[in-house]
Amino acid sequence: MEQPILKTQRCTLRPSTVDDAEWLLRLFNDEEVVAYIEGIKWFNTDIDAVNDFLKSMERNSARNIGFLWIIIFNESPIGFIMANDIEESPFLTFALMPEYRNKHLGTEVFVSVNDFISKTFAAPKTETENPIVKKILRHHSEILFINN
């Protein structure tokens, strides 16, 4: 399966490209991103490390074991959302540039990818220590409960 482009109310989620490496390096070095996405430390040393990460996610996408979407808002990349271990035990990870946090974009993006992965593969795990993601999950659960 080819990684799809997903749309939310305000964002487009597209597959990553090598052109994303430079701005991703800045995001990968944001202290909040490093604090909540432990594995990002392996890829935030330099542009070559980010390119290695992008290449590995491209291979994962080709094998349908992981997808990396770039979050586009007003025609600019503002973050990423990644789905890993899709066929066995999917989980989602995402980060936004600081100026786009607390605008409910994370909720929009998370819900869209969560729905796609759930319908196409299996329901993603929802364990996290990130208080922002916990709030999104709680809100998403309330919406699902109300709509069912």
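**Exercise 1.** How many bridges join strand S4 to S5, and do the two strands run parallel or antiparallel?

*Solution.* Keep in mind that this is a predicted model. Start by finding strand S4 at residues 76-84. Six bridges join S4 to S5, and the two run antiparallel. For one example, take Ile81: its bridge partner in S5 is Phe94.

**Exercise 2.** Work out the order of the strands in the sheet, and find which strands lie at its edges.

*Solution.* The open sheet is built from five strands in the order S1-S2-S3-S4-S5, with antiparallel pairing. Strand S1 (6-7) and strand S5 (91-96) pair on one side only, so these are the edge strands.

**Exercise 3.** Which strands does helix H1 lie across, and is H1 largely enclosed or not?

*Solution.* First, locate H1 at residues 21-28. This helix lies across strand S3 (66-73), S4 and S5, and runs at about 75° to S4. Next, look at burial, where the cut-off is under 20% relative accessible area. Six of the eight residues of H1 are buried, so the rest of the structure largely encloses this helix. Trp23 and Phe28 are among them. Finally, see what surrounds them: the buried residues of H1 pack against helix H2 (31-36), helix H3 (47-62), S3, S4 and S5.

**Exercise 4.** Is Ser76 buried, partly exposed or exposed?

*Solution.* Ser76 sits in strand S4. Its relative accessible area is 32%. Partly exposed covers the range between 20% and 50%, so Ser76 is partly exposed. As a last step, compare positions: Ser76 and Thr12 are 64 residues apart along the chain, while their C-alpha atoms are separated by 9.8 Å.

Methods: Residues are numbered from 1 along each chain as its sequence is written. This is a predicted model: local features need pLDDT of at least 70, side-chain atom pairs count only at pLDDT 80 or more; totals for chains, interfaces and linings use all residues. Side-chain values use heavy atoms; hydrogens and water are left out. Helices (H or I, at least four residues) and strands (E, at least two) are DSSP runs, numbered from the N terminus. Contact means heavy atoms within 4.5 Å. Axes are lines fitted to C-alpha atoms, for helices over the stretch in contact, and angles run from 0 to 180 degrees between N-to-C directions. Buried means under 20% relative accessible area, exposed over 50%, partly exposed in between (1.4 Å probe, protein chains only).
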